[in-house]
Amino acid sequence: MANVIVIGAQWGDEGKGKITDLLSKSADLVVRYQGGVNAGHTVVVDDQTFKLHLIPSGILYPKTECVIGGGTVIDPKELIGELDQLKALNISADKLYISETAHVTMPYHRLIDQAAEERRGSKKIGTTRRGIGPTYADKSERTGIRMVDLMDLDALREQLEWTVNHKNVVLEKLYDLAPLKASDVVDEYTAYAERLRPHIIDSSLHIYKAIQQRKNVLFEGAQGTLLDLDHGTYPYVTSSNPVAGGACIGSGIGPTVIDRVIGVAKAYTTRVGEGPFPTELFGDMGERLCEIGAEFGTTTGRRRRCGWFDAVVGRYAVRINGLDCLAITKLDVLDSLDEIKVCVAYDLDGERCRELPGSARRFGQCRPIYETLPGWNQSTADCRSLADLPQQALDYLEFLAQLMEVPIAIVSLGASRAQTIIVEDPIHGPKRALLHEDSSAFKVA
């Protein structure tokens with residue numbers, strides 16, 4: 001039995017969907033613990049591509065139960081769209097469960113999110129404009145609508161009459177938008193409620209019982225460590241906590257039941273939206289990484305900014321999340337490069353800095369200090385073991401593990417399930433996996 005958290009160790013888009021999908025094969029229960037439709041997972045199975053936003057990746061395994069936890073925010077229309085997509089592909093959602101305490105994204109949340117981002121102009125923070133931030137804001141203000149509220153029509157109508165009138169003041173007076181009719185919102189969401197009713201449960205209790213029965217539980221977050229509301233590059237962050245600690249809060253379980261935490265990081269770095277990015281590449285190399293890596297957001301289609309691997313960010317993710325091991329993805333994107341750079345520290349005001357500044361402004365002033373490694377100039381897409389990898393690729397992975405001070409358990413070399421090297425099973429293997437048992441560089445002191 002193992003209870004495992006999978007988190008993004010960069011700015012999101014690290015390939016968590018594929019890693020979660022791989023680990024879901026050994027999981028009895030997969031729990032999504034935060035975020036909303038602003039996140040996306042792309043999973044490729046037998047040449048078929050699945051794009052999921054709210055439903056956990058484990059839904060692709062018939063025997064695996066999937067839970068959308070209370071820490072998420074749910075857009076019912078989008079969720080039903082995903083259910084319809086799965087049904088069209090003959091994938092059952094009978095084992096999908098939704099927390100009754102998860103908050104609901106409403107029409108006014110989307111309108112306010114879009115209008116506010118437009119109003120910011122050059123000061124925009126890069127929101128997906130899907131209403132996620134305003135939904136979490138209402139949650140914090142204790143004026144939000146939860147899934148359990150959708151189950152009681154009379155209570156929902158009473159609550160929305162006040163809430164919609166209140167939001168209309170904001171829509172009309174602040175953003176010069178047309179008001180909403182409370183009755184229309186009630187009718188729309190009542191229909192959603194009836195469709196989702198069979199899936200809504202006390203998810204915390206359901207997860208607790210699974211843990212008591214010594215089942216394997218996999219917790220997956222959205223976005224990445226550097227987008228965490230409290231520990232990311234604020235204000236260019238999301239509105240929830242993707243870090244490992246957020247899994248306990250968003251799922252309704254205690255921290256003592258967690259056995260290990262897996263961090264997912266690309267072999268280089270990407271970021272979507274606004275905010276500082278010290279290793280960002282602006283010339284031909286950035287375009288090359290974007291093109292080879294098909295770096296466009298699953299949710300928005302926005303082009304991802306690309307840069308070299310940042311070990312300062314990596315070490316920060318190890319510390320903030322308490323990572324036990326790493327999954328390195330998209331190593332194959334580097335196959336054709338003559339040389340590869342890795343940021344080992346920053347130059348900040350003429351001083352060498354190995355830690356992440358707390359201020360986004362100061363972070364934007366950091367200049368990367370690089371070490372350069374030779375490339376391997378051959379395809380790794382068909383490699384299925386460490387022995388198949390070119391020596392320079394092994395050296396690169398060893399260098400990353402040494403810098404991050406945490407072992408590597410999985411190496412991904414493409415989008416499909418088969419294009420993966422499983423060094424150690426993070427669920428059933430030892431707590432501290434070793435990338436290469438004969439190399440001291442991968443051992444954590």
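Is Arg-129 buried, partly exposed or exposed? With a relative accessible area of 27%, Arg-129 is partly exposed, because partly exposed covers the range between under 20% (buried) and over 50% (exposed). We will come back to this residue after a look at the whole model, which is a predicted one.

**The whole protein**

Welcome to the overall picture. The protein holds 13 helices and 20 strands. Its radius of gyration is 22 Å, close to the 22 Å given by the globule rule for 445 residues, so the protein is as compact as a globular protein of that length. Taken along the principal axes, the C-alpha atoms fill a box of roughly 65 × 50 × 40 Å.

Of the 445 residues, 58% count as buried. Among contacts with a separation of 6 or more, 76% are between residues 24 or more positions apart. The exposed area comes to about 18600 Å², and carbon and sulfur atoms supply 48% of it. As for charge, there are 50 positive and 60 negative charges, and their mean positions are 2 Å apart.

**Residues named in the record**

An unreviewed UniProt entry lists Asp-13, His-41 and Lys-139 under "active site". Let us visit one of them, Lys-139. This residue lies in helix H4, which covers residues 132–141. Leaving out residues up to four places away in sequence, Lys-139 touches Gly-70, Gly-71 and His-103.

**A mostly covered helix**

Next comes helix H9, residues 244–251, where 6 of the 8 residues are buried. These are Ala-244, Gly-246, Ala-247, Cys-248, Gly-250 and Ser-251. What lies over them? The cover of the buried residues of H9 includes strands E1 (3–8), E2 (29–32), E10 (217–220) and E11 (260–266), and helices H8 (203–212) and H11 (311–321) are also among the covering elements. Right after H9 comes Gly-252, with a positive phi near 80°.

The loop between E10 and H9 holds Pro-235. A cis peptide bond, with omega about 10°, joins Tyr-234 to this proline.

**Five residues side by side**

Here is how some individual residues stand in terms of accessibility.

| Residue | Relative accessible area | State |
|---|---|---|
| Glu-280 | 16% | buried |
| Arg-129 | 27% | partly exposed |
| Lys-139 | 31% | partly exposed |
| Thr-49 | 43% | partly exposed |
| Asp-349 | 56% | exposed |

Glu-280 sits in the loop between strand E12 (269–271) and helix H10 (284–292). Apart from neighbours within four places in sequence, Glu-280 is in contact with Arg-305, Cys-306 and Gly-307. Because buried means under 20% relative accessible area, the 16% of Glu-280 makes it a buried residue.

Thr-49 belongs to strand E4, residues 48–52. Its contacts, not counting residues up to four places away in sequence, are Thr-42, Val-43 and Val-44. Gln-402 is 353 residues from Thr-49 along the chain, and the C-alpha atoms of the two are separated by 34 Å.

**Two residues with positive phi**

Back to Arg-129, which is found in the loop between helix H3 (107–120) and H4. Although Arg-129 is not a glycine, its phi is positive, at about 65°. Asp-349 is not a glycine either, and its phi is positive at about 55°. That residue is in the loop between strand E16 (339–348) and strand E17 (351–353). At 56% relative accessibility, Asp-349 counts as exposed, whereas Arg-129 is partly exposed.

Notes
Residues are numbered from 1 along each chain as its sequence is written. This is a predicted model: local features need pLDDT of at least 70, side-chain atom pairs count only at pLDDT 80 or more; totals for chains, interfaces and linings use all residues. Side-chain values use heavy atoms; hydrogens and water are left out. Helices (H or I, at least four residues) and strands (E, at least two) are DSSP runs, numbered from the N terminus. The radius of gyration is taken over C-alpha atoms; the globule rule is 2.2 Å times the number of residues to the power 0.38. Buried means under 20% relative accessible area, exposed over 50%, partly exposed in between (1.4 Å probe, protein chains only). Contact means heavy atoms within 4.5 Å. Accessible areas come from the Shrake-Rupley method with a 1.4 Å probe; for residues, only the protein chains shown count as cover. Lys and Arg count as positive and Asp and Glu as negative; His and the chain ends are not counted. The place of a charge is taken as NZ of Lys, CZ of Arg, CG of Asp or CD of Glu. UniProt positions are given in the numbering used here, feature names are shortened, and annotations may be inferred rather than shown by experiment.
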